Amino acid sequence: MKRIAVLTSGGDAPGMNAAIRAVTRTAIDAGIDVFGVHQGYQGLIDGDMAFLTRRDVGGIMQSGGTVLGSARCPAFETVAGREVAIRNMAEREIEALVVIGGNGSQTGSHALSQMGFPVVGVASTIDNDLEGSDVTIGVDSAINVALEAIDRLKVTAESHRRAFLVEVMGRHCGYVALMAGIAGGAEVVVIPEQEVSPENVAQQLRAAYDRGKQHAMVVVAEGAKNNAERLVEHFQTDPEATGFRLRVTILGHVQRGANPTAADRLLGTRLGEGAVRALQAGQTGVLAGLRGNRVLTTPLEEIVGRQKPIDLELFELANIMAR
C-alpha cells in the first residue's frame, strides 16, 4: 500500500486532531503517502483533498474540533455519490480510507466498504454510543466540560438554595449524563435508557430538601423522554413539589468545543495508529476501537445500526450515592 486518505465526519469531537496526526505520521513512517480530505464525505465527492506532511499535522493535537473539517453529505448516501468518491480517490491513486467518526460516519464507511473500497473506521463520538470500543474519542473531554459546569453551578445553587437542571448532550445515549452525574454528585440523573418520571424526580428532590440539603443538582440527558424542557413544564404546574426554586442550564454544543483532555489525546493517537496498522495487515471493513485497554478491530457490519448499551449498574450507583 502506497497511498491512503483520512477524513473526519459527523459531529466534531475533542481528540479528532490527535487521530489525524497519528494516522498521518504512522503512515508516513511506514512509507505511505497521506491525503487529508476536507469537509468529510463531501470532500470526497468534491475532490477536496491534499497531501499531508508530518509538519502539516504538527501542533494540532491540543486543539479541539477537526482541522480537516466536517459536513453533512446527503449525496454520499446514494450509490452514485459513493461512485464519484471512489473515482476521485482512484484518480489520486488512493488505495484505502480512514474514517474518524461515530455511528453515522461508520455507516458511510460500511457502505463504501460494501462497494469494494478498503476502509478502516476510528471510533470518535462524544456520545460513546458506538459498538466496538469501550470508550470513544471525545467522551472524556465532554464529560469534563459537563463536570466543570456542574461544579460551578453548585456554587450558585448553594448560595441561593436552589436546584439546577443541567441538560447535557449525548443524543439517545445517557453515558455522558450518567458519568457527569456520578462525578458531580447529582441528586438525580435522568437518562434515556432508564425512564425517570417527573414525579420521581420531584420525590427525589423533595427527599433531599427534607434531609436538609441547601441545594440540589439534576443532570439530564438531552435524549431522555423527560428532558429538561419537559421537566420544567411539569414543575411549573406545582412549583412547591420539590422544595427548591429551580433553574435550568442547557450545555448544548459547548461540550464539543473543549480542548481535548490527556485521555482523549492518547486515545486519538492510539486509535489513529491502530487504523493504519490494520490497513497494513490487510484488515479492511473494520473499526479500530479500544477494548480492555487494547486497540482491536471489529467488523463494521457488527457496528452499523446499533447503539452500545449502557451499564445500568452505574445508574444504580448514581442513585445510591445520591441518598
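Is Cys 73 buried or exposed? I looked up its relative accessible area in this predicted model and found 11%, so Cys 73 is buried.

**Cysteines.** I then turned to Cys 173, which is also buried, at a relative accessible area of 2%. My search of the whole structure for disulfides returned zero.

**Salt bridges.** I obtained a count of 10 salt bridges. I recorded one of them between the side chains of Asp 33 and Arg 3, with an N to O distance of 3.5 Å. This pair links distant parts of the chain, since Asp 33 belongs to strand S2 (residues 33-37) and Arg 3 to strand S1 (residues 3-8), 30 residues apart. I noted Asp 33 as partly exposed at 33% relative accessibility, whereas Arg 3 is buried at 17%.

I next examined Asp 29 and Arg 54, which form a salt bridge with their closest N and O atoms 3.6 Å apart. Asp 29 sits in helix H1 (residues 16-29), and Arg 54 in the loop between strand S3 (49-52) and helix H3 (79-91). Asp 29 is exposed at 57% relative accessibility, and Arg 54 is partly exposed at 34%.

I also entered the salt bridge of Glu 195 with Lys 225, again listing 3.6 Å between the closest N and O atoms. Both residues lie in loops, and the pair ties together parts that are 30 residues apart in sequence. Glu 195 and Lys 225 are both exposed. I found Asp 127, Asp 129 and Arg 171 joined into one network by salt bridges that share partners.

**Surface.** I located a nonpolar surface patch of about 270 Å², made by Leu 317, Ile 320 and Met 321. Leu 317 lies in helix H10 (residues 312-322) and is partly exposed at 33% relative accessibility.

Note on methods:
Residues numbered from 1 in each chain as written. Predicted model: local features only at pLDDT ≥ 70, side-chain atom pairs only at ≥ 80, totals over all residues. Heavy atoms only, no water. Patch = residues over 30% accessible without salt bridge, like charges linked within 9 Å, V, L, I, M, F, W, Y side chains within 5 Å. Areas by Shrake-Rupley, 256 points an atom, 1.4 Å probe, with all protein chains shown as cover. Salt bridge = Lys/Arg side-chain N within 4 Å of Asp/Glu carboxyl O. Helix = DSSP H or I, 4+ residues; strand = E, 2+ residues; numbered from the N terminus. Buried < 20%, exposed > 50% of the residue type's maximum accessible area, 1.4 Å probe, protein only. Disulfide = S-S within 2.5 Å.
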